[in-house]
Each structure stands twice: as structure tokens, then as C-alpha cells.
Amino acid sequence: MILDMTPILDAVTDRIPFSFSYRPGEDSVVSALFPDITFSSPISCSGFVSDRAGYMSLHADVSLSYETACARCAEPVTGNLAFSFEKDIADSSVSRDNDDYLFIENQRLDLVDPLEEQLLLELPTKTLCREDCKGLCGRCGQNLNFGDCDCKKHEVDPRLAVLKTLLDK
Ligand SMILES: [Zn+2]
Ligand SMILES: [Zn+2]
């Protein structure tokens with residue numbers, strides 16, 4: 001999404017709303033850094049660019065859902081995420097090296113770059129199918145959410161083991 005900034009730069013308006021949907025490509029930074037996450041539906045991003053007495057900024061509200069594997073039990077899970085972010089837009093006095101700002105290029109502002117950048121910060125490194133996911137048995141690999149495996153029964157609770165040695169004396 002490239003926003004035409006002409007109306008703001010010409011002072012015709014002080015606010016340009018936008019709305020677009022976006023799906024990170026397979027060769028995007030987002031896909032490279034989060035290979036386990038797939039975006040089954042496009043990410044929706046809406047907001048506005050505003051100019052307050054020459055001070056320009058971007059405000060964006062983002063919502064998305066994604067598919068991944070539960071970090072504990074590896075079952076497929078759908079995650080939902082919503083966040084907002086703001087970014088200052090540089091005027092001609094700001095050096096191009098300054099990462100804190102977005103830069104206008106030929107009266108146009110690229111909205112995908114800042115969105116991708118923010119996604120990298122907001123996407124979770126792990127998602128659980130549920131808060132209390134029991135995970136997999138370390139011994140037999142059974143998904144313990146579906147019931148206990150037999151491993152537990154053969155395991156002796158260390159506290160009981162101590163009690164047993166005391167009683168045996
Ligand atoms: Zn799980
Ligand atoms: Zn087991």
C-alpha cells in the first residue's frame with residue numbers, strides 16, 4: 001500500500017484515512033523470521049496520516065489471525081492479534097539515517113514497510129493451544145490433553161519414595 005501524500009503536502013487536508021489488507025509473501029522478512037506462522041487470512045490495517053501544524057504522523061490499527069503449532073503439544077492452533085502503532089513522518093529537516101521516522105518518497109508514503117516492521121515486534125514467538133496445555137509426555141510422546149499415558153503409573157513420586165525408605169527401616 002502506497003499512500004499519496006499530495007493532499008497533505010499541498011495543505012488541502014490535514015488528515016488522510018486509509019484501509020488495506022496485506023499478506024506477507026513467502027520471501028518477506030516476516031515469513032523468514034516466523035517460519036512456523038502462516039497467515040490464512042490477510043492482515044487488515046487501517047488508520048490515518050495526519051498533519052498537526054507541520055508535524056506529520058501515521059496512526060495504524062492492525063488485526064490479524066494466524067495458524068501455527070502449539071508450542072507444547074504441536075497441535076494446530078489459531079492465534080489472533082490486534083495492535084496499534086504510531087510513527088512520525090519526517091519533514092525535509094530530518095536525516096535519512098534516522099530510523100525513528102518514515103520518509104516520503106516522491107509525495108508517496110510506503111505503509112507496508114512500517115507494518116512489517118511492527119509485525120516483527122508484535123508476533124508471539126510461541127503460541128499455546130490453551131493456557132493450561134499439558135503438552136506431550138516426555139517419555140512416550142502422548143498428547144496429555146487427550147488423557148494420561150501409562151508412563152505416570154510406573155513412576156514413583158520422589159516424596160513417596162522417601163517415605164517408603166523411612167517406613168522400611
Ligand atoms: Zn497445546
Ligand atoms: Zn507417557
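I'll start with a helix. Helix α3, residues 112-122, lies across β2, β3, β4, β5 and β6, and runs at about 125° to β5. Before going on: this is a predicted model.

The strands under discussion belong to an open sheet of five, in the order β2-β3-β4-β5-β6, with mixed pairing. At the edges are β2, residues 15-22, and β6, residues 101-102, each of which pairs on one side only. In which sense do β5 and β6 pair? They are parallel, and two bridges hold that pairing in the assignment. Strand β5 covers residues 76-89. Within this region, Asp88 stands opposite Tyr101 of β6.

Next, the core. The largest nonpolar core has 18 residues, and those touching the most other members are Cys45, Val49, Leu58, Ile89, Leu109 and Leu115. Which elements give two or more residues to this core? They are β3, β4 and α3. Strand β4 gives the most, at five residues. For orientation, β3 is residues 43-52 and β4 is residues 55-69.

Take Ile89 from that list. Setting aside neighbours within four places in sequence, Ile89 is in contact with Val49, Met56, Ser57 and Leu58, and also with Tyr101, Leu102, Ile104 and Leu109. Of these, Val49, Leu58 and Leu109 are also named among the core residues that touch the most other members.

Two loop residues have a backbone angle worth pointing out. Ala74 has a phi near 70°, which is a positive value in a residue other than glycine. Ala74 sits in the loop between β4 and β5. Is Ala74 buried, exposed or partly exposed? Ala74 is partly exposed, because 14 other C-beta atoms lie within 10 Å. The other residue is Gln107, again not a glycine, with a positive phi near 70°. Gln107 is in the loop between β6 and β7, the latter being residues 108-110. Gln107 counts as partly exposed because it has 13 C-beta neighbours inside 10 Å.

Now the chain as a whole. It has five helices and seven strands. From the N terminus, the order of elements is β-α-β-α-β-β-β-β-β-α-α-α. The radius of gyration is 25 Å, well over the 15 Å that the globule rule gives for 169 residues, so the chain is more spread out than a compact globule. Along its principal axes, the C-alpha trace spans about 90 × 30 × 25 Å. Buried residues make up 15% of the 169. As for contacts between residues at least 6 apart in sequence, 55% of them join residues at least 24 apart.

How is the chain divided into domains? The domain assignment gives domain 1 as residues 2-133 and domain 2 as residues 136-169. Taken over C-alpha atoms, the centres of domain 1 and domain 2 are 48 Å apart.

One residue to finish with is Gly147, which is placed in the loop between α3 and α4, where α4 is residues 151-154. Why does Gly147 count as exposed? Because just 8 other C-beta atoms lie within 10 Å of Gly147, and the cut-off for exposed is 12 or fewer. Gly147 and Val112 are 35 residues apart along the chain, and their C-alpha atoms are separated by 45 Å. Val112 brings us back to the helix from the opening, since α3 is residues 112-122.

Methods. Residues are numbered from 1 along each chain as its sequence is written. Chains are lettered from A and ligands numbered from 1 in the order in which they are written. This is a predicted model: local features need pLDDT of at least 70, side-chain atom pairs count only at pLDDT 80 or more; totals for chains, interfaces and linings use all residues. Domain bounds come from an automatic or database domain assignment. Two strands pair if DSSP finds at least two bridges between them. Helices (H or I, at least four residues) and strands (E, at least two) are DSSP runs, numbered from the N terminus. Two residues are in contact if their C-beta atoms, placed from the backbone, lie within 7 Å. Axes are lines fitted to C-alpha atoms, for helices over the stretch in contact, and angles run from 0 to 180 degrees between N-to-C directions. A nonpolar core is a set of buried Ala, Val, Leu, Ile, Met, Phe, Trp, Tyr and Cys residues joined through C-beta atoms within 7 Å. A residue is buried if 20 or more other C-beta atoms lie within 10 Å of its own, exposed if 12 or fewer, and partly exposed in between; C-beta atoms are placed from the backbone. The radius of gyration is taken over C-alpha atoms; the globule rule is 2.2 Å times the number of residues to the power 0.38.
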